[in-house]
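Here are my notes for you, as a colleague reading along. Keep the picture open while you go through the points.

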Amino acid sequence: GRLVAVELRKMVDTRAGFWLQVAMVALTVVVVVVRLLVGDRADHTFQSVLEAGLQPSAVLLPVLAILLVTSEWSQRTGLITFALVPVRSRVFGAKLIASLLLAVAMLVISVAIVAAGVLVTSPGVEATWSDTAPLIGQSAVNLTAVTVVGVALGAILLAPAPAIVLLFALPVSWTAVVSLPVFSGVAPSVDYVGALGQMTEYVMSATQWAHVATVLAIWMVLPLLVGARRITRCEVTA
């Protein structure tokens, strides 16, 4: 618990971490307000606004996770950290838990902002609150998954700049590749962007959940195991 508290404090101790969190909340408010100001009133349902309102967190949470995981190397505090806590897996576990706690907190904040906006601007609109609970649950899986992917990339590369570049470049490039007709049969099971993107759009079927499970095994679980092994075995220098 003490290590998790330390890692949570690290998220706001640096200017980058602090302003990223401020930016997530501010951008969520801006996106929700803009979404509610455009289009027909009948389109201002919780489902449609939630899809837009979660985008800032989905983009910035993995970046913040990367900065947290790589801090011992980018800030050159690894010798101090691992001298105080020689079991590196405990430090890595604390970083993972702290990142997930932040993801849950941002989900709560985003849902509250979206719900408040919809409640004020769209009273009485038909089916405004339909499928609210399933969509919130799917959104929780979405935000925690992208956060863990950020943790994994940071642990594998141990440097924030290349990890952030890879975070954005690799999924987009891979989506372009699997969109080719030759990969149409396997695309739903390996397309990271498509699998996670549908979580905030509609309530998924059992088949779609199976595709998401396969995607997360490839893009989240496997990289996380590789990253954990790298952090526990790599050499730390001053």
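1. Let's begin with the charged pairs. The count of salt bridges comes to 5. Bear in mind while you look that this is a predicted model.

2. Try finding Lys95 and Glu7. Their side chains meet in a salt bridge, at 3.0 Å from N to O. Lys95 belongs to helix H7 (residues 88-121) and Glu7 to helix H1 (residues 2-13), so to speak a link between distant parts of the chain, 88 residues apart. Are these two buried or exposed? Both Lys95 and Glu7 are buried.

3. Stay with Lys95 for a moment, since its side chain also meets that of Glu72 in a salt bridge, at 2.7 Å from N to O. Glu72 sits in helix H5 and Lys95 in helix H7, so this pair ties together parts that are 23 residues apart in sequence. Glu72 has a relative accessible area of 2%, and because buried means under 20%, it counts as buried. Lys95 is buried too, with 2% relative accessibility.

4. Now put those pairs together. Which residues are linked in a network of salt bridges? They are Glu7, Lys10, Glu72 and Lys95. I'd click on these four residues one after another to see how the network is laid out.

5. Here is another salt bridge to look at: the side chains of Arg9 and Asp13 meet at 3.7 Å, N to O. Both residues are in helix H1, and because they are 4 residues apart there, about one helical turn separates them. Arg9 is exposed, at a relative accessible area of 51%. Asp13 is exposed as well, at 52%. The cut-off for exposed is over 50%, so each of these values passes it.

6. On to the backbone. Most residues other than glycine have a negative phi. With that in mind, have a look at Arg76, where phi is near 55°, a positive value in a residue other than glycine. Where is Arg76 found? You'll see it in the loop between helix H5 (71-74) and helix H6 (78-84). Arg76 counts as exposed because its relative accessibility is 61%.

7. Leu158 is another residue to check. Its phi is near 60°, again a positive value in a residue other than glycine. Leu158 is found in the loop between helix H8 (132-157) and helix H9 (160-178). Is Leu158 buried or exposed? At 9% relative accessibility, Leu158 counts as buried.

8. The helices on either side of that loop deserve a look of their own. H8 and H9 pack at an angle of about 135°, and their axes are 9 Å apart. Why is H8 called oblique to H9? Angles over 145 degrees would count as roughly antiparallel and 65 to 115 as roughly perpendicular, so an angle of about 135° makes the pair oblique. As for handedness, the crossing of H8 and H9 is right-handed.

9. Last point: what do the two helices touch each other with? On the H8 side, Val149, Leu153, Gly154 and Leu157 take part, and they meet Pro162, Ala163, Leu166 and Leu167 in H9. The residues of this contact divide into 7 nonpolar, 1 polar and no charged. The polar one is Gly154, because glycine is counted among the polar residues here.

Technical notes. Residues numbered from 1 in each chain as written. Predicted model: local features only at pLDDT ≥ 70, side-chain atom pairs only at ≥ 80, totals over all residues. Heavy atoms only, no water. Buried < 20%, exposed > 50% of the residue type's maximum accessible area, 1.4 Å probe, protein only. Axes fitted to C-alpha atoms, helices over the stretch in contact; angles between N-to-C directions. Parallel < 35°, antiparallel > 145°, perpendicular 65-115°, else oblique. Left-handed = near helix turned anticlockwise from the far one by under 90°. Contact = heavy atoms within 4.5 Å.
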